[in-house]
Amino acid sequence: MNLPNWTREPLVHFAVMGAVLYVALTWGGTPPDPSSRVISVGAAEEEKIAESWTLTMGRSPTDAELDQAIDAFVREEVLYREALRLGFDEGDAIVRRRLVSKMDLSASLAAETADPTEEVLRAFLAENPELYADEASVNASVSFDQLLFSSEAEAHAALSRGAQRGEATSLPGSVTESIMRDVEARFGLQFAQGLRDLEPGLDWQGPLASGFGWHLVRLTSREVPEPNFETLQVSIANDWRSAQIKERKERAYETLRSAYRIDIDR
Amino acid sequence: MRKAWAAIACASILAIGVSACSDGESETSAEQAGDGTDTIELAEFPDRPYWGDTHLHTDNSVDAFGFGTRLGPEEALRFARGEEVTATTGAPTQLSRPLDFLVIADHSDALGATRRLYDAPRWYVNWVIGDETVLRWYDMMHESPEQSTRAIGELISAAAEDRVPEAMADPESAAEATKDIWNTQLSILDRYNEPGVFTALAGYEWTAMPNGNNLHRVVMFRDGSDKTRQTVPFPGLQTTAPQLWEYMKGYEEETGGRVLAIPHNPNLSNGLMFQMTMEDGSPMTPEYAALRAWAEPVIEATQIKGDSETHPYLSPNDEMASFGEKGWDFGNLSLSEKTDPSMYAGSYARSALLRGLTLEQQMGVNPYAFGMIGSTDSHTSLATGDEDNFWGKHTGNEQSYTERAMQGQNLGTREGRFGWHYLAGGYAAAWAKGNTRAEIFDAFARREVYATTGPRMTVRVFGGFGFTAADWDGNWVREGYTRGVPMGGELEDQGDAPSFLISAMKDPDGANLDRVQVIKGWLDASGVMQEQVYDVVWSDMDTRGRSGGRVAPVGDTVNRDDATYTNDIGAAELRTTWTDPDYRQGQRAFYYVRVLEIPTPRWTLFDAVRFGVTLSEEAMADAVAQERAYTSPIWLKTQS
C-alpha cells in the first residue's frame, strides 16, 4: 500500500490523533468527566465499541461478544476512573515512560519506511560532509611491500642495510590495490594508522608497529577516491534515515513544547 | 482467537500511524537487493577471513523485547558495520573494529509479538485475546524491567514445555502476522547490504525445544529479497527438524535460491542434537542422514551460552576441554531436566563428528559432517564478541547493570546459572573470495569457515598428501588449494599419511598465541571411536619442552587488579607442516585445528575492575581464560 507523503508526517499524525481524541471525548455532546460516577453506554457507545471490535477482528461481533466487550469496557472504565481519582497516573514513572515512548515511536516510525529522492540525499551530503570525511580514507586503495621483524632494532638495522629480507611470516609480502578496510582487517588497526601517515614512494619506510612486530614498508601507490555521490548513496540514504528519525522526534517535541511556558529557577 | 496476533499487529500499527502498513517494497539498487553475483571483483583464492555474527536478535525477537531491548534491525546493522549507536540502557557504544557480515536471526515464533503485545491497548489484550496468562504477561511487561524479564522467562519455560497459550502458538496466524515484519526486515537488510563492504544476510532462528531441550537452528539465506520475500520464517513450536529441512528444500525448489541451517547450543540439548537414531528413536535411515547433511553443513560451536566443542567427561585427556562449560553442563536450556553424563555424547561437536564416522560406516552417509563457527546469540541488537566490550546476553544484563556478573541469570524463575557463566560470545570467520552474500554463504556451504570465541586470529589449514616444510617458501596458499583441500574439505585415503599446512596468526589487535593443536577423531580397527589431541606447534618451542607428553603451560601475564595482560609470552604467528604419525590405512578420520591464545581477562574481570564489583571465589577463578579458534575439520574418507 503506497500512501502520499503527507500521511507519513508525524505532525499530521498528531493532528489526526488529536482530532480523534477530541471526537471521542465529545461524543454525545457531554465530555466524560473522570470524576463523574456515571458511565452510560447508549446506542452511540455501543456502536463505537462494535466498530472498534470490527476494526481489529475483521468482522462484526456477535451479540454475546458485544455484551462481553461492553462489560469489559465498563470494567476498564470504572478502574481507569478510580485510578485517576487516586492519582495513580501522576508521579508514576512507568506511566510517564510509557506515554513518552509512545509519542517518540509515533514520530520515528514514519521515517523508517520513507524513501528519499536523490535531491534530498545530495542536499544531505552537502550539509554533512564531515560524515563522509573518513569514507575516502577507508576506501583508499593501496599497493605496498612489507618486511616483518620481531624487534624495532632489527627493523632499523635492516633498513640501513637496504631492507633485503624480513622474517618468515604468513602475512603477504606484497599487497596490490587493496582497500584500506582489508588492510586494517589483515594487519590490524595500529599498522593501518601508521600506513595512513606515510607518503607513497619507492623507498623503504618505517618501521611501523603492529601486533605482529615491526614492518618496513614500501608504499608504492595510494589512490584516494574522490568523494562521489553515487558510491556513497547507500550510506547517505541510511544516514539520512537515521537523522530523520532523530529529527522528527525532536521536531515533534519542539512543536509540542512551543505551546508551553517553561520556568526554570537556576 | 486464531487471528488475534494478526489483529494485534494491525491494531497497534493503526494506532501508531498508517505509514507502517506499507509492504516495505524495496527501493534499493539491484546490486544491493540481489545475492551479489557479478557485483565486485573476486580474488582468485579466498584471501582473507571475513568476520561476522550469524546469530543476532533484535527487538523483533519475542524474548529480546521482553527483556527490554528497544533497538531494532536498523540499529543492529549500523552497529555491526562499525557505527556508534546508543544501547537500550542509554550509553553510546561501538565495535572497536567493524564486522564484515551479519545475519539477523530473530525467533520465528511470534516474530515481533511481544513488541506488538506491549504496544497493544490493555483492553484489547483483556477482551479480544481473552487469555489470562497472556494478560498477566502483558501486565508484568508494563510493570518493571524485572517483571518483564520474569514474564519472558515464563514464556520460554512455557514454550519449552509446549504449553504456550493458543493465542501465541498458532502457526497460521503467526505467519500472517509476521509476514509484514519479515518483509520490512528484508528491505532494511537490502539497504545495508553493500557488496564488497558489508554483507547483510536474511535469516531467522527456528526455536524448537521439546521439553526444554535445545534443538535450535539459525536459518540463513543466500538470496536477496526478490527470493526471500517468497517465503516466511518457519515456526519452531510444534514442528520438527525434518519438517524444517523439507521447508528449506521447498524454498530452494520454488525460488531457485539457497538456504542452510546452523544448529546451536547442542550443549543444552541433553543429548538430543546429535543422536545415533532418528528423533523418534528408530534406526537412522540414509535418507534422513543425507537430508541433514545437506541442510546443516555448519554448526555454531561457541556462543554466549557456553561452548560446545567438547566436555572433560568426553575428552578426559584433553586438558583444554573445560572452556565455557561451567553453568551450562548440568541441565537443559530451561533447566526443566538435569543432564546425565550419558547424554553428553549427543551434545558436543567432537563426539558428534565421531558419531558421524560410525553412522557413515553403517549407512554410507555421514549426517554429522559439519564445519564449525562461533556467534554471539546476543539479544541486545549489539553483535559484541570482545571481552572488553560485553553488552550482555540481553538488555537485562547490559553494562548499566553493574552487578550482572554475580546475579542469577535463570530467566527469573529458576536457580543455578549466574552472569559470570556467560561467555562474551564468539564470531564466525569465512574464507571467501569477496564480501558478498553469495561468497559468504558459499564459504559456509563448503565449510570453509571457523569458529572463534571472539578474537580475530587468522587460521589457515590445507590437507593433502606430501606437503613439506619447503612449501612455506613458495606461494603456499596456491599450493594448498591446488595440491590439497582447505578446511571443510575431504581427502580420499590412498595409502599414505595425510599432511597438513597449518598457519595461525594472532588477532593483530589482540593477544599472542600459546599453541596450535590438531584434534584427530577416528574409528579404530574394531570400529570404536577414538580421539587424540596433538600439540603441533607452540611458542618458544626450544625452551618450552614437553613433559609427560604435555607441553608446559605458556604462563599467565594477567594482572587481576587492573584487568591487563602483556604479550611478553606467546607468539605472533605459529605455523607448521604436520603429518599424522598414527595413520593406518583404511581408517575413517577427521582432523581439525584448535588455536589457543595466551591467558587474557574475561569480561567478568573487566566488570570487576570497572565497576568495583567483587567476584565470588569461583567466578574469580574463571575470570581469566585462554580464548581459542576451532576450524572446520578435513575428513579422510575411505576409498569408495
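Begin with chain B as a whole: the centres of its domain 1 and domain 2, taken over C-alpha atoms, are separated by 28 Å. The model is predicted. To colour the two parts, select 2-445 for domain 1 of chain B and 455-637 for domain 2 of chain B, as the domain assignment gives them.

**The contact between the domains**

Display next the residues at which the domains meet: domain 1 of chain B contributes 34 residues to the contact, and domain 2 of chain B contributes 38. On the domain 1 side, highlight β1, α14 (349-363), β11 and β12 (427-432) of chain B, each of which supplies at least two residues. Which element gives the most to this side? Select α14(B), which gives 7 residues. Colouring the domain 1 side by class shows 18 nonpolar, 6 polar and 10 charged residues.

**Strand β4 and its partners**

Move to residues 101-104 of chain B, strand β4. Show the side chains: F101(B) and V103(B) point one way, L102(B) and I104(B) point the other way, and all are buried. Add β1 (residues 48-56) of chain B, which runs parallel to β4(B) and is joined to it by 3 bridges. In this pairing, L56(B) lies opposite I104(B). Then add β5 (residues 199-201) of chain B, which also pairs with β4(B) in the parallel sense, over 3 bridges. Here the residue opposite L102(B) is A200(B).

**L102(B) and the nonpolar cores**

Keep L102(B) selected and show its surroundings. Beyond its neighbours within four places in sequence, L102(B) is in contact with G52(B), D53(B), L56(B), L77(B), A80(B), A200(B) and A383(B). L102(B) also belongs to the largest nonpolar core, which has 182 residues; L102(B), A430(B), V449(B) and Y450(B) are those with the most contacts inside it. To see where the largest share of this core comes from, select strand β23 (residues 589-597) of chain B, which provides 7 residues. A second, separate core has 5 residues, among them A511(B), V558(B), Y565(B) and I598(B). In soluble globular proteins, nonpolar side chains tend to be buried together.

**An open sheet of three strands**

Finish with the open sheet of 3 strands in chain B, whose order is β10-β9-β11 and whose pairing is mixed. Its edge strands are β10 (306-307) and β11 (371-374) of chain B, each pairing on one side only. Select β9 (residues 298-303) of chain B together with β11(B): the two run parallel and are joined by 4 bridges. Which residue of β11(B) is the bridge partner of E300(B)? Label I373(B), which is that partner.

Terms used. Residues numbered from 1 in each chain as written. Chains lettered and ligands numbered in written order. Predicted model: local features only at pLDDT ≥ 70, side-chain atom pairs only at ≥ 80, totals over all residues. Pairing = 2+ DSSP bridges. Buried ≥ 20, exposed ≤ 12 C-beta atoms within 10 Å, placed from the backbone. Domains from an automatic or database assignment. Contact = placed C-beta atoms within 7 Å. Nonpolar A, V, L, I, M, F, W, Y, C, P; charged D, E, K, R; others polar. Core = buried A, V, L, I, M, F, W, Y, C linked by C-beta atoms within 7 Å.
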